[in-house]
Amino acid sequence: MGFDAAHLQGLAPEIFLASAACLVLLIDVFLKDRYRMTTYGLSLVSLAVTAALTIWGSSDATEVLWSGGYIRDPMSDALKVAACLVAMLAFVYAKDYLRDRDLFKGEYFVMGLFAVLGGLVMISANGFLTLYLGLELLSLCLFAMVAFDRDSPQGAEAAVKYFVLGALSSGMLLYGISIIYGVTGALDFPSVAQSLMHADQSEDTVLIFGLVFVVIGVAFKFGAVPFHMWVPDVYHGAPTPVALFLSSAPKIAAFGLAIRMLVEGLGGLQGGWEGWQGMLIILAVASMAVGNIVAIAQSNVKRMLAYSTVGHMGFIFLGILTVDVDGYAAAMFYTIVYSLMAAGGFGMLSMLSRKGFDAQEMDDLKGLNERSPWLAFMMLLIMFSMAGVPPTVGFFAKLFIIESVISADMTWLALVAVFFSVIAAFYYLRVVKVLYFDKPVTTAPITASLDTQMAMSLNGVTVLLLGIFPAALLAVCRTAFGV
Amino acid sequence: MTADWPILSMSIWLPILGGLAVLGSGDKAPGVTRWLALIVALLTLLVTLPLWIGFDTGTAQMQFVEQVEWVPAFDAWYRLGVDGISMPLIILTAFVSVLVIIAAWQVIQYKPHQYLAAFLIMEGVMIGVFSALDAMLFYVFWEAMLIPMFLVIGVWGGPNRVYATIKFFLYTFLGSVFMLVALVYMYFKSGSMDILAFHDLKLGLTEQILIFLAFLLAFAVKVPMWPVHTWLPDAHVEAPTGGSVILAAIMLKIGGYGFLRFSLPITPDASSELDWLLILLSLVAVVYIGFVALVQQDMKKLIAYSSIAHMGFVTLGFFIVFILLQKGGDGALLGLEGGMVQMVSHGFISAAMFLSVGVLYDRLHSRQITDYGGVVNTMPWFAAFMVFFAMANAGLPGTSGFVGEFMVILASFQANFWYAFLAATTLIIGAAYTLWMVKRVVFGDVASDGVAQLKDINGREALVLGVLAAAVLALGLWPAPLIDVMEATLHQLVNHIAVSKL
């Protein structure tokens with residue numbers, strides 16, 4: 001296949017975002033510091049236009065572009081729109097925090113845009129190479145973002161840790177890919193899937209050997225136990241808005257990665273305990289157990305949210321390991337909902353921070369109901385949503401996963417999952433307790449600007465409204481998998 | 001029968017939206033907030049009254065049905081309806097909520113708008129629990145109810161409130177998640193989330209037993225039954241008066257309601273198989289918890305334990321039915337009716353008892369029995385009410401407390417003499433702990449300067465207690481209207497569970 005201009009249309013969002021990111025970088029260089037808001041505004045507009053282009057170009061059909069390297073289907077459209085919107089939210093929350101710390105630099109937003117671009121490429125990858133390209137683009141930007149506050153020793157430590165472990169996991173992934181390439185002789189997912197169907201029995205061991213490394217790569221990106229060690233340290237060390245960003249768009253991209261690679265590429269290796277289904281069962285149960293139990297012991301909210309992320313990733317794995325479109329749709333719903341909740345949770349922390357003060361200990365949230373009842377209510381909704389208590393959307397996210405797990409005849413896994421949700425409820429309740437039952441330690445006014453407050457209100461209210469009317473988002477997720 | 005007006009939706013959403021309005025009114029003008037809350041609660045009561053007036057007592061069908069598609073992917077509907085079991089409980093909810101709002105009038109000074117809003121939202125959600133006919137909708141309401149109660153106990157509660165409220169939340173949450181798994185399982189069996197479809201679903205015995213146990217966990221915690229009752233005394237002691245009233249009068253009933261709506265009709269064979277367990281637990285609640293109540297020093301704790309004992313009657317009434325069915329079916333209806341009457345009656349009496357303790361607590365800020373004595377000397381009107389409610393709590397004929405207990409004892413006589421014997425001990429134990437408390441608190445010499453300076457109840461308190469006294473008396477003297485309403489539905493339920501699903 002040669003160059004076909006018609007293919008450009010399918011890539012319009014990515015092409016636009018790449019150009020926009022470069023343009024924003026160029027413009028930013030010539031801006032004086034007091035006009036930095038321009039960069040911020042342009043970045044938001046770029047993401048909004050990217051989302052709009054995605055919606056504009058969306059259809060129920062599946063298009064394979066660029067010699068089979070790229071794919072655009074309903075799932076990629078939905079995930080891309082979600083990634084752009086959540087990234088916008090992350091940018092809005094970051095603004096005040098960065099400005100208070102003289103970190104309000106154009107590079108933050110440019111790197112954010114490139115990270116999102118990497119995420120979009122991962123979501124639409126139809127082969128190992130494209131996928132790896134997107135993954136590296138995303139990861140490199142994230143490494144730099146974690147180290148964004150160059151005067152902070154914790155930030156630097158977190159960045160180095162993230163970089164070393166990230167590089168290691170990328171290496172493992174690449175190693176696994178090379179083995180699978182060696183057996184199947186193909187790099188694009190449909191051909192890999194094709195040749196797995198006709199694979200020889202004798203090749204099984206080699207394939208499983210390769211699969212293990214691929215799954216490790218996936219597990220690292222998700223932060224699933226036992227590859228979760230970087231999560232708490234990085235979330236803790238990174239500036240709050242970066243931790244926020246880490247848990248939003250990249251998680252959506254990671255979900256894309258898992259579906260493309262495991263389901264579409266290596267679907268032939270799912271089988272039972274020896275395939276990736278069994279590996280994911282172990283990862284999922286371990287993540288739910290370790291994440292939720294260790295989160296109880298945290299007094300630092302950022303670390304607590306980090307461990308809770310680990311637990312949530314276990315839930316997402318549960319959806320994927322059902323090996324069923326219902327489960328994939330449920331996992332997608334969960335991923336999107338999770339990114340929304342995590343954005344809200346970290347966003348609240350960055351809102352409560354002010355010049356010279358980082359809100360991140362449990363005590364910093366004390367008595368928020370006295371200081372700002374509305375913000376306390378938003379945080380309450382987000383916490384109950386993370387705990388999975390109706391009428392918030394977190395409940396439906398968990399419910400759909402549990403439904404898909406039961407329909408896949410794994411009721412015991414559903415019981416394990418609900419059991420750990422009860423344990424998880426404890427530490428989310430503790431946050432609500434601090435917000436409502438304790439007296440405030442400080443009476444310092446909350447200095448968040450109006451747009452941040454509006455974003456937070458939108459975030460919290462969305463969590464509630466999606467919980468009362470979950471059908472629309474669910475329908476989007478189910479169409480993505482053709483259910 | 002489809003109503004012209006969506007009465008059930010209005011009863012659910014009016015208090016919820018009204019509660020949000022109250023929340024929005026802020027704490028600048030507490031007077032306005034209080035009146036607004038009261039008007040919303042009264043309007044809700046008014047809206048629910050047509051349920052009673054327009055109720056067709058001749059049918060066991062669901063009435064005032066509404067349905068709108070909700071989550072099509074799982075065939076979940078926004079489906080509401082009431083029958084003879086749920087309708088009285090909805091009215092009870094609306095009725096008690098009004099009293100709670102009035103009772104909070106001067107008592108709650110810290111953020112009254114949030115307090116009142118929490119109760120209004122809770123009212124709407126509880127009505128939702130009673131009227132939901134879709135399992136997913138039911139579960140959403142069932143859990144959503146926890147959030148306002150969690151806040152009410154935690155924000156306005158006593159010194160040990162954090163422990164109590166987290167315990168309350170986690171206990172209930174743990175119980176209900178297993179119910180969720182059971183509901184989802186049945187969804188895959190029946191292909192629908194319709195609770196009535198679950199009723200007709202054929203299930204094997206093992207399946208039934210597992211589902212029954214999952215339900216039991218959820219409902220037993222809520223009722224609460226021994227041995228998962230320990231959250232209740234803690235929650236009651238720490239909760240503000242209004243919280244205790246709603247908890248005792250309505251939330252415990254939701255557990256009993258769950259048995260009637262889910263356990264009995266969905267898993268009749270498992271219920272029949274395991275009825276000995278439930279009867280045993282109920283009798284332990286009646287006898288053992290009765291003795292535990294006897295030694296309490298704290299008035300609220302005493303009433304909390306007495307609630308557990310009284311709810312033991314409810315579950316006893318529900319589960320002796322299976323023995324009676326095996327013996328030919330005489331009295332089966334009586335047991336169910338007794339349980340239901342007991343639930344409504346306990347709603348009035350426990351509310352009244354907690355409000356009475358609240359009256360004392362507001363004045364002396366103590367719930368210890370030993371801090372009181374001779375209250376009758378300074379508060380004669382209050383003493384009259386308290387003695388009356390104590391008599392009702394002890395099951396004095398002529399009060400509502402007698403009717404339910406008597407019906408259940410009568411039914412258990414037909415089942416087994418010893419069940420009836422043990423159940424009847426409550427007439428002695430119940431009288432002992434309640435009257436002994438009244439004796440120590442109300443009668444005798446004036447115990448302290450504090451008691452000597454007590455002021456009798458004001459008009460507001462008299463209104464609340466008076467209304468409740470009238471309700472207790474009315475139900476005690478003339479329970480027929482309530483029984484008529486339930487008759488058809490319970491009759492159909494008895495017929496339903498008499499048929500094996502195997």
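A pocket, as the word is used here, is an open set of grid points with protein on both sides within 12 Å along at least five of seven lines. With that in hand, let's look around this structure, which is a predicted model. Its largest pocket has a volume of about 1200 Å³, and the lining draws on helices from chain A as well as chain B. The two chains also share an interface, with about 3300 Å² of area buried between them.

**The largest pocket**

- Start at the middle: 44 residues line this pocket, and the closest to its centre are A:Phe377, A:Leu464, B:Ile16, B:Leu20 and B:Ile121.
- From chain A, helix H17 (373–387) and helix H20 (450–468) each bring at least two residues to the lining.
- Chain B joins in with helix H1 (7–24), strand S1 (63–71), helix H4 (112–131), helix H5 (135–144) and helix H6 (146–156), and each of these also gives at least two residues.
- Which element gives the largest share of this lining? That's H17(A), with 7 residues.
- Sort the lining by class and you get 35 nonpolar, 6 polar and 3 charged residues.

**The second largest pocket**

- Next comes a pocket with a volume of about 720 Å³.
- It has 28 lining residues, and A:Val81, A:Ala82, A:Leu85, A:Ile336 and A:Leu473 are the closest to its centre.
- In chain A, helix H3 (37–56), helix H4 (74–100), helix H15 (325–352), H20 and helix H21 (471–480) each supply at least two residues of the lining.
- H4(A) gives the most here, with 10 residues.
- By class, this lining splits into 20 nonpolar, 6 polar and 2 charged residues.
- Keep an eye on H20 of chain A, since this helix gives at least two residues to the lining of the largest pocket and at least two to that of the second largest pocket.

**Where the chains meet**

- On the chain A side, 36 residues are in contact, and their partners are 35 residues of chain B.
- Carbon and sulfur atoms give 83% of the area of about 3300 Å² buried between the chains.
- Three residues stand out: A:Glu403, A:Val422 and A:Phe437 supply 20% of the area that chain A buries against chain B, more than any other three residues.
- How many salt bridges are there between chain A and chain B? The count is 0.
- There are, though, 4 residue pairs in polar contact across this interface, with both residues at pLDDT 80 or more.
- Helix H16 (368–371), H17, helix H18 (393–407), helix H19 (411–437) and H21 of chain A each put at least two residues on the side that touches chain B.
- H19(A) provides the largest share of that side, 12 residues.
- The classes on the chain A side come out as 26 nonpolar, 5 polar and 5 charged residues.
- H17 of chain A turns up twice on our tour, giving residues to the side that touches chain B and also to the lining of the largest pocket.

**Cavities**

- The count of cavities of 30 Å³ or more is 6.
- The largest cavity holds about 100 Å³ of space.
- Its lining includes A:Met122, A:Tyr162, A:Lys221, A:Trp230 and A:Lys251.
- Two elements, helix H6 (128–146) and helix H12 (249–265) of chain A, give two or more residues to this lining.
- The lining of the largest cavity has 8 nonpolar, 1 polar and 2 charged residues.

**Salt bridges**

- Side chains of opposite charge can pair when their charged atoms come close.
- Over all chains, the structure holds 23 salt bridges.
- One to find on screen joins the side chains of A:Asp451 and A:Lys95, at 2.7 Å from N to O.
- This pair links distant parts of the chain: A:Asp451 is in helix H20 of chain A and A:Lys95 is in helix H4 of chain A, 356 residues apart.

**Backbone oddities**

- The peptide bond from A:Val225 to A:Pro226 is cis, with omega near 5 degrees.
- A:Pro226 is in the loop between helix H9 (204–222) and helix H10 (230–237) of chain A.
- Chain B has a cis peptide bond between B:Trp226 and B:Pro227, where omega is about 5 degrees.
- B:Pro227 sits in the loop between helix H9 (205–222) and helix H10 (231–238) of chain B.
- A:Asp409 has a positive phi, near 65 degrees, in a residue other than glycine.
- You'll find A:Asp409 in the loop between H18 and H19 of chain A.

Definitions and conventions. Residues numbered from 1 in each chain as written. Chains lettered and ligands numbered in written order. Predicted model: local features only at pLDDT ≥ 70, side-chain atom pairs only at ≥ 80, totals over all residues. Heavy atoms only, no water. 1 Å grid on protein atoms, 1.4 Å probe; cavity = no way out; pocket = protein on both sides within 12 Å on 5 of 7 lines; lining within 4 Å. Points joined across faces, edges and corners; volume = space filled by probe spheres on them. Helix = DSSP H or I, 4+ residues; strand = E, 2+ residues; numbered from the N terminus. Nonpolar A, V, L, I, M, F, W, Y, C, P; charged D, E, K, R; others polar. Contact = heavy atoms within 4.5 Å. Buried area = accessible area lost by both parts, 1.4 Å probe. Salt bridge = Lys/Arg side-chain N within 4 Å of Asp/Glu carboxyl O. Polar contact = N/O pair within 3.5 Å; in protein donor to acceptor, adjacent residues only side chain to side chain.
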